[in-house]
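Reader: I am new to this structure and would love a close look at a single part of it. Could you pick one helix, walk me around it, and then show me a few things elsewhere that are worth finding?

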Amino acid sequence: MTTRTATVTWVQANARRIERQGLAAPMISSPDRAVAAMLAAHAQVSSAAELSVGLRLAGATRTDVRKALWNDRTLVRTYGPRGTVHLLTAAELPLWTGALSAIPAGTGLFRKDARLSADQTEEVLAAIGDALTGAELTIDELSDAVVARTGPWAGDRVMPAFQDMWPRWRQVMHLAGHRGVLCFAPDRGRKVTYTNPGATPLDGPEALAGLVHRYLYAYGPATPQHFAKWLAAPNSWAVSVFAEQAAAGAIEEVANDGDRPAWLVTGDTDFPAGPARGVRLLPYFDAFAIASQPRERLFPGAAYTRALAGGQAGNHPVLLIDGTVAGVWHQRRSGRRIAVTVEPLSPLTTGQLRELEEQVERVGVALEGTPELTVGKVSVGPHA
């Protein structure tokens, strides 16, 4: 049952986000449909992405996610929002590449003498696309291919990285992903490989309109500033994008309690009749925890201090109770055994503990292991 509203409360917005992401009840669907519901699944840590997807599906395992990625090719692992590694759906890759390519580029973090010029950037991107077409190359193989197609300047080791220096051309790897000429391929042993997905980006304005629509459907109501933060884009640019969509009648402004006026897709004003209920476990950098705003409502009270790293969502896996963060958790694997430690910020009721045990079982199914639950202090830091 849904109700129509002109003023959207936090409780309503949060309940709808949870419902649309398959967190109210698992979707009986496919990995690519789950990723589409999130828009993108953060995949810097592959196991976290597999768990994000698996927990949104009924009975899904990490093998199902890997099959969708490497066999069915309905998912693509590439550079997504914020220039970080994500799983995207193959069907939406033209939209993503068109939209990400339209975000204004900053000056970069590198010294002026280390940066690529605009012409050099385009030359490197063309070289990457050509080298990876019909091939799966390691980073060293790709580096040799890029330098061979451009010149020694591309191989100058001027980029500080992990107590080493990387060649100049690597500063645009994420941009190559955004342009649709690079994505990850299956690992070759312990070595990461890359290929060209052959994605033709949609026209920028069309792609941005589509991404705003998809974002507001999943995470609205939201402000241009929320959209900018999610993409790591300039606020002024996001304001102009929203203004264009509003002028076209594609989005509408609504009152939004506890925050500035926000936006929804025009006519998309159906919300669940009641608040979010239940206990859920979300892994590192889960899309819901990162994209949902305002953050202080999702991470209330002590959760803001305990579950955020300096205001950065995603560094800690979180425990959700009735739609808000109510603790942190950690899992450590040894063979098939998965030791799960959950630290609630307040004592659990008998019913909540029972739901938590069910969630831990779902973690075990998704990660194809045997979970063991401990309720207690999580003493490890982020990403441990």
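Author: Happy to: we will start with one helix, move to the loops beside it, and then visit some charged pairs.

Please keep in mind that this is a predicted model. Our helix is α11, which covers residues 235–247. Its 13 residues, at 1.5 Å a residue, should span 18 Å, and the C-alpha atoms at its ends are indeed 18 Å apart, so the two values agree.

Now look at which side chains are hidden. Trp237, Ala238, Val241, Phe242 and Gln245 are the buried residues of α11. Viewed down the helix axis, these buried residues fall within an arc of 135°, so they line one face of α11. The general reason is a simple one: an α-helix has 3.6 residues a turn, so residues three or four places apart point the same way. On the face turned away from the buried side you will find the exposed residues Ser236, Glu244 and Ala247.

What lies over the buried residues? The cover includes the helices α9 (204–219) and α10 (224–231), together with β11 (251–256) and β12.

The surroundings of α11 along the chain deserve a glance too. Ala232 sits in the loop between α10 and α11, and its phi is near 60°, a positive value in a residue other than glycine. Most residues other than glycine have a negative phi, and most peptide bonds are trans. Ala232 is exposed, with a relative accessible area of 56%. Just after α11 comes Gly249, where phi is also positive, at about 80°. Further back, in the loop between α9 and α10, is Pro221; the peptide bond that leads from Gly220 to Pro221 is cis, with omega near 0°.

Similar features turn up elsewhere. Gln293 and Pro294 are joined by another cis peptide bond, with omega about 0°, and Pro294 belongs to the loop between α12 (287–291) and α13 (295–298). Arg73, in the loop between α4 and β4 (75–79), has a positive phi near 55°. Arg73 is partly exposed, at a relative accessible area of 43%.

Finally, the charged pairs. Side chains of opposite charge can pair when their charged atoms come close. The count here comes to 16 salt bridges. One of them joins Arg16 and Asp268, at 3.3 Å from N to O. Arg16 lies in helix α1 (residues 10–20) and Asp268 in the loop between β12 (262–265) and β13 (270–272), so this pair ties together parts that are 252 residues apart in sequence. Both Arg16 and Asp268 are buried. They also belong to a network of salt bridges that links Arg16, Arg20 and Asp268.

Another salt bridge is formed by Glu50 and Arg66, whose closest N and O atoms are 2.9 Å apart. Here Glu50 in helix α3 (residues 46–54) is linked with Arg66 in helix α4 (residues 62–71), 16 residues apart. Glu50 is buried, at 8% relative accessible area, whereas Arg66 is partly exposed, at 36%.

A further one to find is Glu141 with Arg188, where the closest N and O atoms are 3.0 Å apart. Glu141 is in helix α7 (residues 139–149) and Arg188 in strand β9 (residues 183–188), so the pair ties together parts 47 residues apart in sequence. Glu141 counts as partly exposed at 32% relative accessibility, and Arg188 counts as partly exposed at 41%.

Conventions. Residues numbered from 1 in each chain as written. Predicted model: local features only at pLDDT ≥ 70, side-chain atom pairs only at ≥ 80, totals over all residues. Heavy atoms only, no water. Salt bridge = Lys/Arg side-chain N within 4 Å of Asp/Glu carboxyl O. Helix = DSSP H or I, 4+ residues; strand = E, 2+ residues; numbered from the N terminus. Buried < 20%, exposed > 50% of the residue type's maximum accessible area, 1.4 Å probe, protein only. Expected span 1.5 Å × (residues − 1). Arc of directions from axis to C-beta. Contact = heavy atoms within 4.5 Å.
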